[in-house]
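Student: Hi! Could you teach me how to read a few features of a protein model?
Tutor: Gladly; let us look together.

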Amino acid sequence: MQIEKISGKRGSRSMIRLFEQHRVREQRELDGMWNYVREDGRQYTIPVPGCLEQHPDLITYRGKGTYYKKVFVRRKGNIRLEFKGVSHTADVYFDGKFLVHHYNAFTGFDGIVADVEPGEHEIRVCVDNSFSEASALHVPNDYYTYGGITRPVSMELLADVYIRKVHFTPIRAAEGWRGRIEAEIENLSRKDLALELKMTLADTQVTEAVQVGAESISRVSCEAACENVEEWNPRTPRLYFLNAELWEKEQIVDDYIERVGFREIGMNGGRLLLNGKPVFLKGFNRHEDYGTLGCAIPLPVMAQDMDLMQEAGANAVRTCHYPNDERFLDLCDERGMLVWEENHARGLSLKQMQNPNFEKQCEDCIAEMIAQHYNHPSIVIWGILNECVSEVPEGRKMYQKQYEQIKSLDTSRPTTSATCRHFTDICLDLPDIVSFNLYLGWYVNEPMKERFDQQLDWIAQAGGAGKPVIVSEFGAAAMYGYRDRGRCKWSEERQADVIRENLELFREDGRLTGVFVWQFADCRITEEIEYFGSRPRSHNNKGVVDEYRRPKEAFDVVKEIFPTMG
C-alpha cells in the first residue's frame, strides 16, 4: 500500500493551484493510487484525482464506496485535509474517527485533526454519487454526475494558529488603485494569542495587530494604497502576489499566498463595464467533461480547452452549471478570460426546488463558491439557477433569496441567471444582468429576427429595462464527422449554418452585451433524463468540438465571426 509522508521545512510545489500558496506551511498533495471498495465489497485501485467511471467495471456505476489511504506524519502537529471536489457526497474519517461531511461535487471542503502523533495514519473517504431525496442538486440531468474524488486532495501540517482565508477586493479611485484585504485567523490552541499579520502586495506593505481568543477565529480588515500597479484586463492580464505572513513574538508561524488582479466591474446604460470601459462578452459554455476521463480534467486538457477557445476568438467562458476547478480559473486569470461562474442547479422543476434539501444545499454551494473563488480577477459575473422555475411566486422567492445571499457576500460583481421561461419569467427585475437561452433555428423554428426582437421587447417590459442583456445559450447539435450535402439536422453543416445565422444576427444588434455558444465540447448525459431520446450517443452533441476536442465545422464559423463582434 502506498504511504505518503508529510515532512520537510518548506511547503512542496503544489498543482492544486497553478502557483505556490505556502512557503512556510508544510503541504503535500495526496494524488496517486488509492484503494477503493465498492459497497458490494468489490475492491479496486483508483487514481486520485479521477472519476470512478474511468475503471472498466465502474463505467456506469452509481452508488456508495469507500476510499482508503495510509499517510505518514513525521512530527506531532495539527493535520488539515483539503478536498477540492468529491462527487457528490463525502464522509471523511481519520484513523477511524469521523472528521467532516460534505455535499456537492463542485466546491471544496476541509477538516482539521488536532495534535496528531508521529507515525502512520489512515484516511478513509466514504463517497456516494447516487440519486435520492438527500441530493437536491445532483439529479438526472443533461450532463453526467460522475463519482469519486474527482479533484485534488492535500494534507497540511498547521501551527496552532494559522491563516484560514484571505480576500482581496480591488478599488478603483481617481487617485489610483487601492486594495481592501480581509483575512481570517484561526486559533486552534486553548490560550489567547497576540499576533501580527504582515501583508505584502506589489510594493505595498501592511502590518496589522491581531488578537485571537482561544479556539476561535478573528477577522482582520484593512485598505492599502497600491501605486504604480497595472490593471488586469483580457489583453494585459497583469497579476500580483498577495503574501500574508502570521508572526508571533518575532517568529513566523504561518503564511498564505494569493494571486490577485486590479480590475473593476460595473454597469452603465445597459452595458457591462470593465475598468470603466464597455466590454462585449464573446464566450463558450463549457462543461468539465472529457472523453474517457469524465469530469476529472487534467491540466493539459484544461490548457488545450483554453487554447482552442482563444483560437476561436473567445474572451469569456461560462462554467455551466457549477463552480469549476480552481486550476482552470487560474488559467483564466493568466490568459485574461472573463468568467461567468454559477452555483450548481440546472433545469429543476418546482417539485425538485421544493425538495427539503434544496435551499440549504444551494446556500452552501453559493457560500463555498464565493469564499473559495473570490480572489480570481477573471470572475466578473456570479450566476444562479440555470433554467429553473422562475415563472411562479414560489420560484421567485428562491431566486430572490439566492441573489440576496450573493450580495451579502460580494457586492463587487453583478449577478445573473440564464432563463428559458420566455414571456413568463417573473424574476427579471432581480438580477443585475438579464440572460436568456434561445435556440433559434434548432428548437425555435420561427423567423430568427422576428423572434429575437420579440424576446428583447418582452425583456424590456418584464423588469429588464436598462439592464445589460446576454444571450447565454444558443446553438445546434452535430455528430462529429457526420456530413450531409442536404445539410440535415445532426450534420456538421447544419450546426455550422445555425450558429452562423445566430452570430450574424447578434453581431448586427446593438442591444446585447454578450453571447455564449452552447457549447464548447460535447459532454456525456445521464440516461435517466426524460428527453434521453433526443441525445444520440448519450451525449449532448452541441459542442463545436467533440468530447476529444476534435473541431467540427462550427468551430471555424465561430473563429471567423467572433473577432468581428463587440
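Tutor: We will talk about aromatic pairs, charges over rings, one residue's surroundings and a pocket. This is a predicted model, where local features need pLDDT of at least 70, side-chain atom pairs count only at pLDDT 80 or more, and totals for chains, interfaces and linings use all residues. Residues are numbered from 1 along each chain as its sequence is written, and side-chain values use heavy atoms, with hydrogens and water left out.

Student: How do I read an aromatic pair?
Tutor: A pair of aromatic rings is described by the distance of the centres and the angle of the planes. Rings of Phe, Tyr and Trp (its six-membered ring) pair if their centres lie within 6.5 Å; planes under 30 degrees apart count as stacked, over 60 as edge-to-face and the rest as tilted. The whole structure holds 23 aromatic pairs. In one of them, the ring centres of Phe284 and Phe520 are 5.7 Å apart and the planes meet at 70°, so this pair is edge-to-face.

Student: Which parts of the chain does the pair of Phe284 and Phe520 link?
Tutor: Distant ones: Phe284 is in strand 24 (residues 281-285), and Phe520 is in the loop between strand 32 (514-517) and strand 33 (523-524), 236 residues apart. Helices (H or I, at least four residues) and strands (E, at least two) are DSSP runs, numbered from the N terminus.

Student: Are Phe284 and Phe520 buried or exposed?
Tutor: Both are buried. Buried means under 20% relative accessible area, exposed over 50%, and partly exposed in between (1.4 Å probe, protein chains only).

Student: Where can I see a charge over a ring?
Tutor: The rule asks for NZ of Lys or CZ of Arg within 6 Å of the ring centre and within 35 degrees of the ring normal. Arg62 lies over the face of Tyr144, 5.0 Å from the ring centre. Arg413 has its charged end over the ring of Tyr374, at 5.4 Å from the centre.

Student: What surrounds Asn541?
Tutor: Contact means heavy atoms within 4.5 Å. Leaving out residues up to four places away in sequence, Asn541 touches several residues, including Ala476, Trp490 and Lys552. Asn541 is in the loop between strand 34 (539-540) and helix 8 (553-561), and is buried, with a relative accessible area of 2%.

Student: Which strand gives the largest share of the lining of the largest pocket?
Tutor: Strand 14 (residues 161-173) does, with six residues. A pocket is an open set of points on a 1 Å grid over the protein atoms alone, where a 1.4 Å probe fits, with protein on both sides within 12 Å along at least five of seven lines; lining residues have an atom within 4 Å of a point.
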